[in-house]
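User: Please take a close look at one strand for me, and follow its neighbours outward from there. I would like the cut-offs behind each term, and a word on how far to trust the coordinates.

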Amino acid sequence: MKSRRYRSHYLLIGFMSLVAGMVLGLGLLAYITYLSYTAHAAAYTFDEPLSFSQMIKADKKPVKVIATMPKPTPTPVVTPDVRIAPIVDGLAPIVTNLQTNQPVVFLTIDDGAHKTPDELQMLKDNHLKATLFLARLFIDEDPGFFTGFAAAGNLIEDHTLNHNINMVQTSHEQQKAEICGMADYELQHYGRRPILYRPPGGTYNQLMQRAAADCGMKALVTWIAKANGGSMQYQIGDHLRPGDIVLMHFRPEFRQDLQAFIDAMKSQHLHTELLENWLP
Ligand SMILES: [Zn+2]
C-alpha cells in the first residue's frame, strides 16, 4: 500500500515536471521568435509600425542591388523654334544654318572613305548623333560598315553615287540619276530612303535644287563651319553659334576633328540635334 502511494506521488511529480517543462519551453520559443521579429523589423525602415504578417512579408523582400555605373548624360531634346523652309516651285531649299534661339548645332559627316570601329564608338561615347552624307563611290566596298551608325540613331543621307564635284555642269537628268540613284542605294542597304541631300564639294545651282526635290529630297544642305585637320574653321566669326551646321569627314584624323568639334560645342554650351527633326 505504502509503496503504491509513493509511486502515485512520483507519477504526479513527474507529470507536473513535464507540464512545467513544456510551459517553459513554449515560453522560451515564443520569446526567441519575438526577438527574431524585432531584429528583422529593425532592419527595415518604415513610417508605420509593422504587423507580424507585414514583418514576415518584409523579411521575404528581395535585397535590391543598386548599380553604381555612371548614368550616361542624356541629350536634351529641345522643341524646334524654327523650321527648314519647305519646297517652293519644285526647288529644294538651301540650308546653311538655322536661325534658332535653341542651344543646338547640327553635325554632318561626309563621304565615308575612312572606316574604323573607333569612329562609331567615339560618337557613342560622346552621346552624339550625326547626319551622314555618304557617296557610293566611298562606301561601295563595305556599305555594311555604316549599318551600325544607323542602328545607333545616326541618319544616312544622300551625297550622290559618284561624288562628281563638277555636277553643276551636267544635265538635269544626269543630276537626277546621281541623286535618285544614291537614294535607291541607301534604301536598299539601310532600309530608309534619304530625305536630305548634300552636293559634292558644296557646289550647286537651281537645276540641282530641282533634281534634289524630284528625287524626294526635302532640302539641299551645305554648312557654315568645318571640323578639319584637327581644328575648327568658321565662315562667320570665331565660334559656333546656335543653329550652325558643321561639316566633318570620315578621314584618318576623325578623332582629332571630332574632339575639336566637341570642344567648340561645349565652350558655347550647345548640344547636337538631328537636322531631320527640324524639317517642316
Ligand atoms: Zn563629299
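Analyst: Happy to: I will start with the ground rules, then go to the strand, its partners, the core and a few outlying residues.

Residue numbers start from 1 in each chain and follow the sequence as written. The model is predicted, so local features are given only where pLDDT is at least 70 and side-chain atom pairs only at pLDDT 80 or more, while totals for chains, interfaces and linings use all residues. Here pLDDT is the predictor's confidence in each residue, from 0 to 100. The protein has a mean pLDDT of 84, with 75% of its residues at 70 or more. Residues 33–74 have pLDDT below 50, and beyond near neighbours in sequence this stretch makes twelve contacts in the model. Where pLDDT is low, predicted coordinates should not be read in detail. A contact means that the C-beta atoms of two residues, placed from the backbone, lie within 7 Å.

Now for the overall setting. There are eight helices and ten strands, taken as DSSP runs (H or I of at least four residues for helices, E of at least two for strands) and numbered from the N terminus. Of the 280 residues, 29% count as buried. The burial scale counts other C-beta atoms, placed from the backbone, within 10 Å of a residue's own: 20 or more is buried, 12 or fewer is exposed, and anything in between is partly exposed. Among contacts between residues at least 6 apart in sequence, 70% link residues at least 24 apart.

The strand I would choose is S2, residues 104–111. Eight of its eight residues are buried, so S2 is largely enclosed by the rest of the structure. Strands count as paired when DSSP finds at least two bridges between them. By that test S2 runs parallel to S9, with five bridges, and Ile109 has Met248 of S9 as its bridge partner. S2 also pairs with S3 (residues 131–134) in the parallel sense, through four bridges; there Thr108 is matched with Thr131. Two bridges connect S2 to S10 (residues 271–272), again parallel, and Val105 stands opposite Thr272.

The connection from S2 to S3 passes over helix H3 (residues 117–125), and the three elements form a right-handed β-α-β unit. Right-handed here means that, with the strands pointing away from you, the path from the first strand over the helix to the second runs clockwise.

Moving on through S9 (residues 245–249), you reach S7, which pairs with S9 in the parallel sense over two bridges. Ala225 of S7 has Val246 as its bridge partner in S9. S7 covers residues 225–228 and has two faces: Ala225 and Ala227 are on the covered one, Lys226 and Asn228 on the uncovered one. S7 then meets S8 (residues 231–234) in antiparallel fashion, with four bridges, and Ala227 is paired with Met232. Two residues separate the strands of this S7–S8 hairpin, where Gly229 adopts a positive phi near 60 degrees.

Several of these residues meet again around one side chain. Beyond its neighbours within four places in sequence, Phe261 contacts Leu107, Ala227, Met232, Val246 and Met248. Phe261 and Leu107 are also among the residues that touch the most other members of the largest nonpolar core, which has 54 residues. Helix H8 (residues 254–267) gives this core the most, with six residues. A nonpolar core is a set of buried Ala, Val, Leu, Ile, Met, Phe, Trp, Tyr and Cys residues joined through C-beta atoms within 7 Å. In soluble globular proteins, nonpolar side chains tend to be buried together.

For contrast, here are some residues elsewhere. Glu186 sits in helix H6 (residues 172–190) and is buried because 24 other C-beta atoms lie within 10 Å. Leaving out neighbours within four places, Glu186 contacts Ile156, Asp158, Arg193 and Pro194.

Two residues that are not glycine have positive phi: about 55 degrees for Asp89 and near 55 degrees for His163. Asp89, in the loop between H2 and S1, counts as exposed because it has 8 C-beta neighbours inside 10 Å. His163 lies in the loop between S4 and H6 and is buried, since 21 other C-beta atoms fall within 10 Å.
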